[in-house]
Amino acid sequence: MRKTKDNVGLNLRGGGAKAVKAFLQKPGAASVTASVLSIVIGLVFGLIVLLCLDAGRALPAFTKILVTGAANPDKFAKVLYQAAPLIMTGLAVAFAFKTGLFNIGATGQYTVGAMFALLAALSWKFPWWACLILAILGGAAWGAIPGLFKALLNVNEVITSIMFNWIGLFLVNLVINNVPEMLGSYYGPSGAERTARLAVANPDAIIPKWGLDKLLGSNYMNIGIFFAIIAAIIIYVILQKTTFGYELKACGLNKHAARYAGIKSGRSIILSMTISGALAGLGGGIYFLSGVAEYVLTKSLLATGFNGIPVALLGASNPIAVIFSGIFISYIFVGGEAMQPEFTKEIVDIISAAIIYVSALSLLVKTGLEKLAARKKREREAALETNGVEAVAAAPENGAEFIAAAPENGVPLEPTDLAPGETGRGILPDAVLKNREEAGEEEYTASRRPSGEPNIDMSAENDNTTTDGEEAL
Amino acid sequence: MNVFADILSGTILFAVPLILVALGGMFSERSGIVNIALEGIMIIGALVGCLFLSAVAKGSWAPGMPQLTMFLAILLAGISGIVFSLFLAFASVNLKADQTISGTSLNMLAPALAIVVSWAIQGSGQTTIYIPTWIKITQADFGFAASSAPSFFERFAFKSFYLTTPIAIAIIVIAAVVLYKTRFGLRLRACGEHPQAADSVGVNVYKMRYAGVAISGFLGGIGGLAFTIAVGSGFQSGVSGYGFLALAVMIFGNWKPLRIAGAALLFAFFKIIGPMSQNIPFLPSFSGVKSSEYIYLMLPYIVTMIVLAFTSRRSLAPKAEGIPYDKSLR
């Protein structure tokens, strides 16, 4: 279960008296707090690993992870340069998550997008913007395939994506090997295993820098990061502000209900995957048209596509948050490279894995904290009542208890007055939603309950059921 | 004929890790936990198994008893897989976290951990863990000498025969029996289909799900070692996406043990004819295309997709997979 926006309505209804508490109870703030907490725990875990490996050199290395990315403009430019494709693949994964799909095929779409961009740049001598459009189309085509398979043939998109990652990789290698102008060896003596340098083959295809390279004094810098940010904003608007985005999300939340409401679910699945693929494809284009990177023929899938998954998860699949999580992941990657050779840069992967693992648990921590706060409040109120003081504060604060109690049912309560754009529920698998639908009746009544009505026993009720379950044997 | 013997033995060699891991995934999903962490579990199993093998290879007793050593390595790989899979079980059963997310994080953790551990043990930059060659089962183990011109059967049987092969065959049978003929199997399946119903008749869903994930950890760990053996060039901190392929094979096999074995064999067959295509007379050689090996490398994936396209309409996933079980939601 991820932190969701579902609690918004309830939370606002709660209207906490104290500003700090109110702030912490805002789901946005809680999400950020949870993410930051996960990052801190992940970093501490990384530090422990470093200490275990070589206690003497652990602290300097750890400092490198933390500061290298901001140490000088050149490194910062590198952070942004690597962040752009990460944000794009992160967006691809996040967008699919939001629409109820798991796009594990971002790496394939990224590779195919990169290939189309390079084909256009090196073989057809297109300008950079035309190459980027082709990258988008290539990624979209590769993303559409899992969508088509799911919508028309009922094949799980995870499987199709995995298969087409490999098919895409080998296809790309095949194409590059068979188009001589694409290889470095066409222009010079070396480079039979990598694509040609754009500066030599077609300088027009390099994404313009608009003076940013001079500003930061780094060749890595170009306007690619702005494309990533713009794409994130567009995706945010589509998902949150348009009927189209709402349809896609509704379809992800409950295919049957969406169909009942007149949404063509098959069409939505195909479109979701196509857009997701287009995002990843653009990422490939941005990275390989930078003028700094060349595509090296390889038989293993490119990591950037897979790293989109942690970027999306860390950003809780929120397109705007993905910008920051992409920059953060890129930042610690740059720091990890600076750790070498004393430590392997894979330590950073361990850190990001730990962050994701903890963030998967963070909802639980959050719930626990809220429960604790609610219990304290209850005790205080009880004390007040014994003093003969009317517990006026009790009524509005039950809202907070709803939140605390909700995730214990496994499903956050459904706010009844939810705005159309507010259903974004992240990345729950279909099955969860199906389950949720079954449990819907119960939630409904619970959330309908007037907020003034005492609701203190709710968690106690749950506890009873739990013990019942254990007794049955 | 020798080519066919090689193809058959190669098919089995590459099918073994797929079978093991896909069966592992089946147990986990049948209990209701989507185990996307199979890739990571394989890596950890391979890491521990290979570290053990390379460590004992320096000693004197191990090469004297190769199969016993191999058995221990397999056991260790399985146990390490269990330990690693418990992270997934803890997150998804006790803490009711999203199974895909915790699985993904374990997949990220495993290869990084493998590199860190192999560097720490073997020295900086020494990523590859080499495994000894004596783990192969030879004719001598059966008490007869290898003939100079091996027959079809001899070539098929001993070209690449490792202890993992008979173990995998045994596990197919055991898995089918356990899943369909025992009380445990029935309960496990119930937890994946309708955990509330299972709980209501006294089955401890949490325990069953832990068991499902632990079995997948055990088989995944062994599968990782089997994969490293099949590749033959030592362990390089990864299993090249075989964990995900196993997931595909499991879905392809419709969550049923025998079908999974069939699916794995089909996939492995198309995987193996790529490198061997030069020696097979009737296969097109694509001489007009540069680097035509990539065409054959794509083949297993394309074949799988074609078969899936025709079969998946009848695909029946366990109904409750992916849903954290909550007792209060009956």
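Trainee: Happy to start with helix α6 of chain A: what span should its 18 residues have?

Mentor: Keep in mind that this is a predicted model. Helix α6 of chain A covers residues 106–123, and its end C-alpha atoms lie 25 Å apart. That agrees with the span expected at 1.5 Å a residue, which is 26 Å.

Trainee: How many of the 18 residues of α6(A) are buried?

Mentor: A residue counts as buried if 20 or more other C-beta atoms lie within 10 Å of its own. The rest of the structure largely encloses α6(A), because the buried residues number 17 of the 18.

Trainee: And which residue just after α6(A) takes a positive phi?

Mentor: Look just past the end of the helix, where phi turns positive at about 55°. The residue is A:K125.

Trainee: Good, now the contact between the chains. Which helix of chain B gives the most to the side that touches chain A?

Mentor: Chain A brings 55 residues to the contact and chain B brings 52. On the chain B side, α5 (99–122), α9 (195–200), α11 (242–252) and α13 (293–311) each supply at least two residues. The top contributor, with 13 residues, is α5(B).

Trainee: How many residues on that side of chain B are nonpolar?

Mentor: Let's go through the classes. Eight residues there are charged and 15 are polar. The nonpolar ones number 29.

Trainee: Within chain B, are α1(B) and α10(B) roughly parallel or antiparallel?

Mentor: Helix α1 (residues 2–30) and helix α10 (residues 205–231) of chain B have axes that come within 8 Å and cross at roughly 165°. Angles over 145 degrees count as roughly antiparallel. So the relation of α1(B) to α10(B) is roughly antiparallel.

Trainee: Is their crossing left-handed or right-handed, and how many charged residues does the contact have?

Mentor: The crossing of α1(B) and α10(B) is left-handed. Their contact includes B:L13, B:F14 and B:R30 from α1(B), which meet residues of α10(B), among them B:G212 and B:F227. By class, this contact has 15 nonpolar and seven polar residues, and the charged count is one.

Trainee: Back in chain A, how many nonpolar residues make the contact of α11(A) with α16(A)?

Mentor: Helix α11 (residues 224–241) and helix α16 (residues 319–339) of chain A have axes 8 Å apart at an angle of about 155°, and are therefore roughly antiparallel. α11(A) offers A:I229, A:A232, A:I235, A:Y236 and A:L239, while α16(A) offers A:P319, A:I320, A:V322 and A:I323. No polar and no charged residues take part, and the nonpolar count is nine.

How values were computed: Residues are numbered from 1 along each chain as its sequence is written. Chains are lettered from A and ligands numbered from 1 in the order in which they are written. This is a predicted model: local features need pLDDT of at least 70, side-chain atom pairs count only at pLDDT 80 or more; totals for chains, interfaces and linings use all residues. Helices (H or I, at least four residues) and strands (E, at least two) are DSSP runs, numbered from the N terminus. The expected span of a helix is 1.5 Å times one less than its number of residues. A residue is buried if 20 or more other C-beta atoms lie within 10 Å of its own, exposed if 12 or fewer, and partly exposed in between; C-beta atoms are placed from the backbone. Two residues are in contact if their C-beta atoms, placed from the backbone, lie within 7 Å. Ala, Val, Leu, Ile, Met, Phe, Trp, Tyr, Cys and Pro count as nonpolar, Asp, Glu, Lys and Arg as charged, and the others, Gly among them, as polar. Axes are lines fitted to C-alpha atoms, for helices over the stretch in contact, and angles run from 0 to 180 degrees between N-to-C directions. Angles under 35 degrees count as roughly parallel, over 145 as roughly antiparallel, 65 to 115 as roughly perpendicular and the rest as oblique. A crossing is left-handed if the near helix is turned anticlockwise from the far one by less than a right angle, and right-handed if clockwise.
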